[in-house]
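User: I would like a close look at one part of this model. Please walk me through the aromatic rings and what lies around them.

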Amino acid sequence: MAGAEIRAPCGSGEPRTRARQRLSRLPGRLYYWREGKDEVDFVFESDRVFAIEVKSGRKRSGNGLGAFLKSFPDATALFITPDNYAAFEADPVGFLKRMQG
């Protein structure tokens, strides 16, 4: 992923921390992405690339996801919110497969 800053995952807040823990147990690579002012909570790379934003509320700001998709158009962008967190927690692999369409 040339031209972008890739870091080890970070973030605050329990939903984000728990999501990081779940994702880090899956086979694949987990990153944090930032380019300029745009950032994505997690980039999970396995057989596909997933750009993931974890939101503790229902407000979805997708600026970082949009910027990521411009650079990596084959990636799947998704939000984990209070509305779908239980499904993610119960079966992260199945959740990611359902989100990729």
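Analyst: Phe88 has a relative accessibility of 0% in this predicted model. The cut-off for buried is under 20%, so Phe88 counts as buried. Tyr85 has a relative accessible area of 12%. That is also under the cut-off of 20%, so Tyr85 is buried as well.

Where do Tyr85 and Phe88 lie? Both belong to helix α3, which spans residues 85–90. They are three residues apart, about one turn of the helix.

Now look at the rings. A pair of aromatic rings is described by two values: the distance of the centres and the angle of the planes. The whole structure holds four aromatic pairs. Tyr85 and Phe88 form one of them. Their centres are 5.8 Å apart, and their planes meet at 55°. This pair is tilted.

Tyr85 also has a partner outside its own helix. Arg18 lies in helix α1, residues 14–24. Leaving aside neighbours within four places in sequence, Arg18 is in contact with Tyr85 and Glu89. Arg18 and Glu89 are 71 residues apart along the chain. Their C-alpha atoms, however, are separated by 8.5 Å. Is Arg18 buried, partly exposed or exposed? Its relative accessible area is 33%. That value falls between 20% and 50%, so Arg18 is partly exposed.

Next, another pair of rings. Phe68 and Phe72 have ring centres 4.7 Å apart. Their planes stand at 35°. Stacked needs under 30 degrees and edge-to-face needs over 60, so this pair is tilted. Both Phe68 and Phe72 are buried. Ring pairs also bring in Trp33, and the three residues Trp33, Phe68 and Phe72 form a cluster.

Phe68 leads us to helix α2, residues 63–71. Which residues of α2 are buried? They are Gly64, Leu65, Ala67 and Phe68. These residues cover an arc of only 165° around the axis, so they sit on the same side of α2. The face turned away from that buried side carries Asn63 and Lys70, which are exposed.

What covers the buried residues of α2? The cover includes four strands. They are β2 (29–35), β3 (38–45), β4 (49–54) and β5 (76–80).

To recap, follow the two tilted pairs. Tyr85 and Phe88 pair within α3, and Arg18 of α1 is in contact with Tyr85. Phe68 pairs with Phe72, and Phe68 is among the buried residues of α2.

Notes
Residues numbered from 1 in each chain as written. Predicted model: local features only at pLDDT ≥ 70, side-chain atom pairs only at ≥ 80, totals over all residues. Heavy atoms only, no water. Buried < 20%, exposed > 50% of the residue type's maximum accessible area, 1.4 Å probe, protein only. Contact = heavy atoms within 4.5 Å. Arc of directions from axis to C-beta. Phe/Tyr/Trp six-rings, centres within 6.5 Å; stacked < 30°, edge-to-face > 60°.
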